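Please open the model in your viewer and keep the selection panel at hand. The tour below goes from one selection to the next and says what is found at each stop.

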Amino acid sequence: MCNYLDSLIKCKDSPNDSDWTMEFMSDYIKGITGYPASDFINSVVRSYASIIHPLDVKLVDSSIEESIREKRPYDIEYRVLDSHDGIKWVHEKGLGIFDGDGKLLHLDGVIFDVTVKKKLEEKNKLLADHNEKIREALRESEEHLRTIIDTTPECVKLTDADDRLLEMNAAGLAMIEADSMDQVLHVPVSDLLLPEHREAFQALNKSVRQGNKGALVFEIQGLKGTRRWMETHAVPMTMRTGETVVLAITRDITERKRIDRMKTEFVSTVSHELRTPLTSISGALGLLAGGALGEVPTQMKQMIDIAYQNSQRLTHMINDLLDIEKMSADKMDFDMRTQPLMPLIEQALEANRLYGAKRGVMLALTGAAPAAEVSVDSQRLLQVMSNLLSNAIKYSPDQGTVAIAVEQQDAWVRVKVIDRGPGIPAEFYDRIFQKFSQADSSDTRQKGGSGLGLAIAREMVERMGGKIGFESVEGEGATFFIELPLRDAESPSSIIDPQMFHAQGAPRVLVVEDNEVSHKVISAMIGGRFDIDLATTLSEARTKMALERYEVVILDITLPDGSGWDLLEEIHTWQPGTRVVIFSGTEMTAAEARKVDAVLLKSQTSKEQFLDAINSRIQPTKIK
Amino acid sequence: MTSFMNKLQRILYVEDEPDIRAVAKLALEMVGGFTVKICSSGEEAVKEAVAFAPDMILLDVMMPGMDGPSTLKALRHG
């Protein structure tokens, strides 16, 4: 009967015996409690009940009493205190043994040590509780994050390696006019962009996936057709799978753009409106001052001169204001032509000599580069030079000299304008090319000017591919310089010269394209067979179409003053029946391709394909 | 330049702004010594151009009704 794993017990038949006096107990109890079984039998040394954990006594008593009352086995787990006052968990199973009259004789039972199992259970329970708490905290934190993302007014989205949409918040879905995420899941995001922005957008995402941060402004068309201007900031995010996706926060800046445009239009409208009466005033005063209406008394002449000079100053400022607004709205056209530089410099000197002479300031050309050829808009370059020269004269001492030096370097030509004026204070260096900036605000009245001259000069030089800068030692004068890239007279870029494009009597082709490399590519493919006309901007194309008839229009999409698509309707109106061929760096959608006669990709078009696209309707003339 | 100047005598001037018209007319006639025909709109210029037979047309760009470019287009096609 003895079992070394469990302690067999036999209790006396005394339901009211609260000591659970043992009639028999196997020695295994010593392994559990540290007390020998003989201690408990007949409660010689201690009763078994005395070592039951005080908190469990009730449970043990009531379970066994209930088992006896209902005459069925009991099965309980409880704690006992061992000889070292340690706690042991035991599992006791047993049943009452009754005589024929149903009187309880004694209890037979068995006690197991389950301390290890219990401790493990407790530990597991603690661990489970702890895990649950962590999960709860995570759930809560994710919920907070989700609420933040869902209520933020910015679009938050994730896109995969193919720019396809993985996730987008409510604000984003509203911006692209999607009713649910399901509608746009895995849709390529660039499909939502206007075609002219796609190339830049894909380039941004590529760079972000390589680990960089980036930002971009572009225009989208929502699923229901609404156009919006967006400003996006994107960062790479590595997923658990190892895939790097793009996380982008995008803001709707349509309103900001609209206000910007309103501001620009306002300034431009006001300036135009101001210029009209001003033209009459300075024209009338000019005639009077020039003596066109006869001699006037000396004092009256003096007053007329003052009025005339100031009306001219005002005209100058308004023109500056219009220029700067035109440039910030990207509406200024540059008629870039390859030409010798020196004649332009001489012309700028001539134009400013008189202004210098008034104060005895001489203009001296101290260095020339007779061979230098540059690709510039001559009027704009003259304007830049005039700005630099008039500044230098303005700040020169009376009877001083302004030196102009042209230096040819490897790939650049540098034009320096050197004055011996007060120089530029160091604290003004940062702001010198900013709009409305002058070194000293009290200067404005003393020297005149709008504070826009250098800002305009910089913008124009940069738009012509050049750089502008200055050197100055305060008290010793300033040197302003511009650097322009040299055009090698023998390089193919001189092909830009429109003269080279004309094949007399050949079908006329209008190429609307701002990229010089593409000009060369096109002229190499079809030059000689067709009479090619170039327009580098939409507005230039409009002017040309108003004056000439073309059989083919080859159209780039990304142009400095807008999208080639904008021109499509006008081509059909002004040039009915003309073949329209898109020559673009980005791929078109099928719907877009259907709007035109042919679509050619810049990187993937052979001469044969190009000729095919143009030729399918017209016959080129063979020039011998 | 000289041959151009010798030939240039008759100027058709198109301008909608009366004050600028007056100043320009005075300048062209008194200072320049040209024969000037003034038109105050593009439409008027298209009507008058053939009869006046100008050596040069001076054309304002921004005008109500027909603007400069459309006037130029109409003159070329007319």
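The stops that follow cover the interface between two chains and then a single loop residue.

This is a predicted model, in which local features need pLDDT of at least 70 and side-chain atom pairs count only at pLDDT 80 or more, while totals for chains, interfaces and linings use all residues. Residues are numbered from 1 along each chain as its sequence is written, chains are lettered from A and ligands numbered from 1 in the order in which they are written, and side-chain values use heavy atoms, with hydrogens and water left out.

Begin by selecting the contact between chain A and chain B, to which each chain gives twelve residues (contact means heavy atoms within 4.5 Å). About 970 Å² is buried between chain A and chain B, with 82% of it from carbon and sulfur atoms; buried area is the accessible area (1.4 Å probe) that two parts lose on being put together, summed over both.

Next select A:Ser280, A:Leu287 and A:Leu547, which supply 43% of the area that chain A buries against chain B, more than any other three residues. Then colour helix 8 (254–289) and helix 15 (538–547) of chain A, the elements that give two or more residues to the side touching chain B; helices are DSSP runs (H or I, at least four residues), numbered from the N terminus. Helix 8 of chain A gives the most, with seven residues.

Finally, move to A:Asn42, in the loop between helix 2 (37–40) and helix 3 (57–70) of chain A. Its C-alpha atom is separated by 8.2 Å from that of A:Phe24, 18 residues apart along the chain.
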